[in-house]
Amino acid sequence: MEQGWRWELSPVHLLRLRHHTQDDDTLSPALRLDTFKMAMHTPDSAMADGPVAELLLRRLEASDGGLDSAELAAELGMEHQAVVGAVKSLQALGEIIEAELRSTKRWELTAEGEEIAREGSHEARVFRSIPPEGLAQSELMRLPSGKVGFSKAMSNKWIRVDKSAADGPRVFRVVDSMEDEVQRRLQLVQGGQAEKLGEKERSELRKRKLLAEVTLKTYWVSKGSAFSTSISKQETELSPEMISSGSWRDRPFKPYNFLAHGVLPDSGHLHPLLKVRSQFRQIFLEMGFTEMPTYNFIESSFWNFDALFQPQQHPARDQHDTFFLRDPAEALQLPMDYVQRVKRTHSQGGYGSQGYKYTWKLDEARKNLLRTHTTSASARALYRLAQKKPFTPVKYFSIDRVFRNETLDATHLAEFHQIEGVVADHGLTLGHLMGVLREFFTKLGITQLRFKPAYNPYTEPSMEVFSYHQGLKKWVEVGNSGVFRPEMLLPMGLPENVSVIAWGLSLERPTMIKYGINNIRDLVGHKVNLQMVYDSPLCRLDAEPRPPPTQEAA
Ligand code: FB9
């Protein structure tokens, strides 16, 4: 016997033989002599996919038409999973076999069903435990099957209770013997003959949680176009020596599975908010806007309110709406010539405005706070623009965090990201604002817009913007907007005929709607499930919103 050949029993067969002796007729035919032939290993045609695949191919060879993976497993007395594994690995080798997934419903005993099939039904055990002289009911109830068995045996009229017995209720047999139908039926199922039971009998056993209908996914395996019982090991690598030796010409290669999913590289994941932010950035840049610097969460009341012509006694400027700072409490650096003009405009008016006629205090303006909007950054940007002569039209945008001391609810936290667009040019009107809003929201996939008059201290006229949301079947407020007041722009030094239109919205709202998130705490904050971030799909603002993730998928 030349080198390389060896006889061995595959682990499966060793296992089975261990507790079977040769003359044991329960040995499935597969395990007769031909088993030995099976496990013969040849060096070069080593069975790439082990004995089970080999067995399966032989069976297929012998079968007419095909075979069911579960039946084959039962025949070979092995786990169905082992056969499924072999089917999958043979499938990966190309057209050797066809395998069609089938789901077959079948009846299986529950664990309790198994136990009753082995030990007999509770009622049968109760019956057997009653001696001719009867048994105290209290004692019978202490038996493991006591409770369940007693009521069943009673309803089967196998036993009776003598309540008047001397030392308490006593249980007696009514019949001499009984048929343990339940056990018999369960054994029938165990023997694969569930179809012998009637629907009623089956449902009664199911109601007693002794039987369950399971869906078994099995494979109907048939010969493939390249069927053969010997599978030669297919090369998976094209090595330099194969090329240099030319041996690649006669070696079978495992087909490339170009549909195989690559291993997802472990990488960082952008939070959905940042995915949507980059979409908004893209839209603004496409529209020719430049991003304003917003890297200061702490702002002075001057730039956050006064510069926007928001009076010092305005309700938004008190503790209830705004987070003021204890340290550093005051802004020291303010452009004092400009501050004087703002002071005069608030207290006495000017530029055609009567102002608010109150005593404007510099200390109030120096108070530091967490900015309540990025419009403060717009004010800084417009002031810088006004210092550059001659005036040049600009389009600015900002997307960054703002802080408001608001009542927290499912859609409001004490901070959110404000998105703001600002256009400064000669003779801009409300019409221009509506136009740029239409262009902006269209890029968001929002086309049906409505404008509702609104009020902001720093814009006149002002409009709330609404869009009809197909998914939510209602009009949703998608932002606020307006034309900055001359009392804001002229003290900055911007030319008379320059007007500035602006609008704002949040980043959180569109993100929640896009990703189907109803509670802002599932999107932002310490309660966020990082898996949501990992699994959050790419964001395409102008594409249809995704249905919320269903649990399973997951
Ligand atoms: O974002 C908001 N709504 C929205 C936006 C987009 C969206 O997209 C969907 C995919 C389709 C859905 C909803 N809002 C503004 C409207 C409401 O949510 C509102 O209840 C809450 N608002 C925040 C303020 O809450 C106190 C959102 C936030 C907001 C409001 C106003 C401005 C900015 C953000 C502004 C402004 C402004 C006005 C004039 C000049 C300059 C700036």
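## The β14-β15-β16 strands

Strand β14, which spans residues 449-456, pairs with β15 in the antiparallel sense over seven bridges. The description given here rests on a predicted model. Within this pairing, arginine 450 has phenylalanine 466 of β15 as its bridge partner. The two strands form a hairpin, with two residues between β14 and β15.

β15 also pairs with β16, again in the antiparallel sense, and here nine bridges are found. One point of reference in this pairing is serine 467, which stands opposite valine 476 in β16. β15 and β16 form a hairpin with four residues between them. Lysine 473, in that turn, has a positive phi of about 50 degrees. β15 itself is mostly covered, since eight of its eleven residues are buried.

## The ligand and its surroundings

The ligand is surrounded by 25 residues, of which Arg404, Glu406, Glu420, Glu477 and Ser506 come nearest. Two of these residues approach the ligand through backbone atoms. A polar backbone atom of glutamate 477 is 2.8 Å from a nitrogen atom of the ligand. In serine 506, a backbone N or O atom lies 2.8 Å from an oxygen atom of the ligand. On its own, the ligand has 850 Å² of accessible area, and the protein covers 88% of this.

Several elements give two or more residues to the shell around the ligand: the strands β13 (415-426), β15 (459-469), β16 (474-484) and β17 (498-506), together with helix α20 (508-514). β16 provides the largest share, with six residues. Sorted by class, the shell has eleven polar, nine nonpolar and five charged residues. The hairpin partners β15 and β16 are thus both among the elements that line the ligand.

## Two open sheets of three strands

One open sheet has three strands in the order β3-β8-β4, with antiparallel pairing. Its edge strands are β3 (67-68) and β4 (97-109), each of which pairs on one side only. β3 is joined by two bridges to strand β8, residues 211-223, and these strands run antiparallel. Aspartate 68 stands opposite tryptophan 220 in β8.

Another open sheet of three strands has the order β5-β7-β6, and its pairing is antiparallel. β5 (135-136) and β6 (159-162) stand at the edges with a single partner strand each, so one side of each is left without a neighbour in the sheet. Four bridges connect β6 with strand β7, residues 170-173, in the antiparallel sense. In this pairing, arginine 160 stands opposite phenylalanine 172 in β7.

In both sheets, as in strands β14 to β16, the pairing follows a general principle. Strands of a sheet pair through backbone hydrogen bonds, either parallel or antiparallel.

## Histidine 122

Histidine 122 belongs to helix α7, which covers residues 122-128. Its relative accessible area is 9%, which is under the 20% limit, and histidine 122 is therefore buried. Leaving aside residues up to four places away in sequence, histidine 122 touches Glu112, Glu115, Ile116, Ser145, Val148, Gly149 and Arg208.

How values were computed. Residues numbered from 1 in each chain as written. Predicted model: local features only at pLDDT ≥ 70, side-chain atom pairs only at ≥ 80, totals over all residues. Heavy atoms only, no water. Near = heavy atom within 4 Å. Polar contact = N/O pair within 3.5 Å; in protein donor to acceptor, adjacent residues only side chain to side chain. Areas by Shrake-Rupley, 256 points an atom, 1.4 Å probe, with all protein chains shown as cover. Nonpolar A, V, L, I, M, F, W, Y, C, P; charged D, E, K, R; others polar. Buried < 20%, exposed > 50% of the residue type's maximum accessible area, 1.4 Å probe, protein only. Pairing = 2+ DSSP bridges. Contact = heavy atoms within 4.5 Å.
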